[in-house]
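Student: I should like to work through a protein structure with you, one question at a time. May we begin by looking at it?

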Amino acid sequence: MTDAPPVPQGDYLPATRHGDLITTAGMTPRQAGRLMVTGPVRADAPIGDYRDPVVLACRNALTAARALLAPGEAIAQVLSMTVYIATGPKFTAHSRLADFASAFLREELGAPGRCARAALGVASLPGNAPVEIQLVVAAGRRTS
């Protein structure tokens, strides 16, 4: 059983598809429509404190992408991931935080989960979320 795709918090789709390419909207750490963690990522907090919200945001993006797969299809490759992190100027561990999402994708998808990635610090995110993740994936026929 797959998770239900995240419910948009505005006038947009959780993901769109053109041919074999699926692009997700930016996904925050929401569960059942509720933001599970709020506030910016603090430079003085242990990086591990943010693992769960990063993984949840990434899981939401992957779920939105999977919702557009046709029967018999799977994610053939994650092409790109953008990780937006709400934080201040003293936070410099953007890549370490994004590594939680990269590890999740590899755990879920194996080699097709390895992707190009950008990790960006921003002043704020929707709903005061600490992180937002967007994926671009390629769909393909299931091989097993």
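Student: Which element supplies the largest share of the lining of the largest pocket?

Tutor: Please note at the outset that this is a predicted model. Two elements, β3 (30-31) and α1 (51-66), each supply at least two residues of the lining of the largest pocket. The largest share amounts to four residues, and the element that supplies them is α1.

Student: What is the volume of the largest pocket, and which residues are the closest to its centre?

Tutor: The volume of the largest pocket is about 360 Å³. Its lining is made of 22 residues. The closest to the centre are P6, V7, R30, G33 and N60.

Student: How do the residues of that lining divide into nonpolar, polar and charged?

Tutor: Glycine counts among the polar residues in this division. The lining of the largest pocket then divides into 11 nonpolar, seven polar and four charged residues.

Student: In what order do the five strands of the open sheet stand?

Tutor: The pairing in this sheet is mixed. From one strand to the next, the twist averages 15°. The order of the five strands is β1-β2-β7-β5-β6.

Student: Why is one side of some strands left without a neighbour in the sheet, and which strands are they?

Tutor: A strand at the edge of this sheet has a single partner strand, so one of its sides is left without a neighbour in the sheet. The strands that stand at the edges are β1 (15-18) and β6 (116-122).

Student: In which sense do β5 and β6 pair, parallel or antiparallel?

Tutor: Strand β5 covers residues 73-86, and seven bridges join it to β6. Within this pair, S80 stands opposite A116 of β6. The sense of the pairing is parallel.

Student: How many bridges join β5 and β7?

Tutor: These two strands pair in the antiparallel sense. One example is T82, whose bridge partner in β7 is Q134. The number of bridges between β5 and β7 is 11.

Student: How many residues of β7 are buried?

Tutor: A residue is buried when its relative accessible area is under 20%. Strand β7 is mostly covered. Of its 11 residues, the number buried is eight.

Student: At about what angle does α2 run to β5?

Tutor: Helix α2 spans residues 94-109 and lies across β5, β6 and β7. Helix α1, for its part, lies across β1, β2 (21-24), β5 and β7 (131-141), and runs at about 35° to β7. The angle of α2 to β5 is about 165°.

Student: Which residue in the turn between β1 and β2 has a positive phi?

Tutor: Strands β1 and β2 pair in the antiparallel sense over four bridges, and the bridge partner of R17 in β2 is I22. The two strands form a hairpin with two residues between them. The residue in the turn with a positive phi, about 65°, is G19.

Student: Which residues of β2 point to one face and are buried?

Tutor: The side chains alternate along β2. L21 and T23 point to one face and are not buried; L21 has A138 in β7 as its bridge partner. The buried residues, which point to the other face, are I22 and T24.

Student: Why does T24 count as buried?

Tutor: T24 lies in strand β2. Leaving aside residues up to four places away in sequence, T24 touches P14, A15, A61, A64, A65, I133, Q134 and L135. The cut-off for a buried residue is under 20%, and T24 counts as buried because its relative accessibility is 2%.

Student: Is A32 buried or exposed?

Tutor: A32 is found in the loop between β3 and β4 (34-35). Most residues other than glycine have a negative phi, yet A32 has a positive phi of about 55°. With a relative accessible area of 87%, A32 is exposed.

Student: What is the relative accessible area of N128?

Tutor: N128 has its place in the loop between β6 and β7. Although not a glycine, N128 has a positive phi of about 70°. N128 is partly exposed, and its relative accessible area is 44%.

Student: How far apart in space are P89 and R106, C-alpha to C-alpha?

Tutor: P89 is found in the loop between β5 and α2, and P89 is exposed, with a relative accessible area of 83%. P89 and R106 are 17 residues apart in sequence. In space, their C-alpha to C-alpha separation is 30 Å.

Technical notes
Residues are numbered from 1 along each chain as its sequence is written. This is a predicted model: local features need pLDDT of at least 70, side-chain atom pairs count only at pLDDT 80 or more; totals for chains, interfaces and linings use all residues. Side-chain values use heavy atoms; hydrogens and water are left out. On a 1 Å grid over the protein atoms alone, a cavity is a set of points where a 1.4 Å probe fits but cannot get out, and a pocket is an open set with protein on both sides within 12 Å along at least five of seven lines; lining residues have an atom within 4 Å of a point. Grid points are joined across faces, edges and corners, and a volume is the space filled by probe spheres set on the points. Two strands pair if DSSP finds at least two bridges between them. Axes are lines fitted to C-alpha atoms, for helices over the stretch in contact, and angles run from 0 to 180 degrees between N-to-C directions. Contact means heavy atoms within 4.5 Å. Buried means under 20% relative accessible area, exposed over 50%, partly exposed in between (1.4 Å probe, protein chains only).
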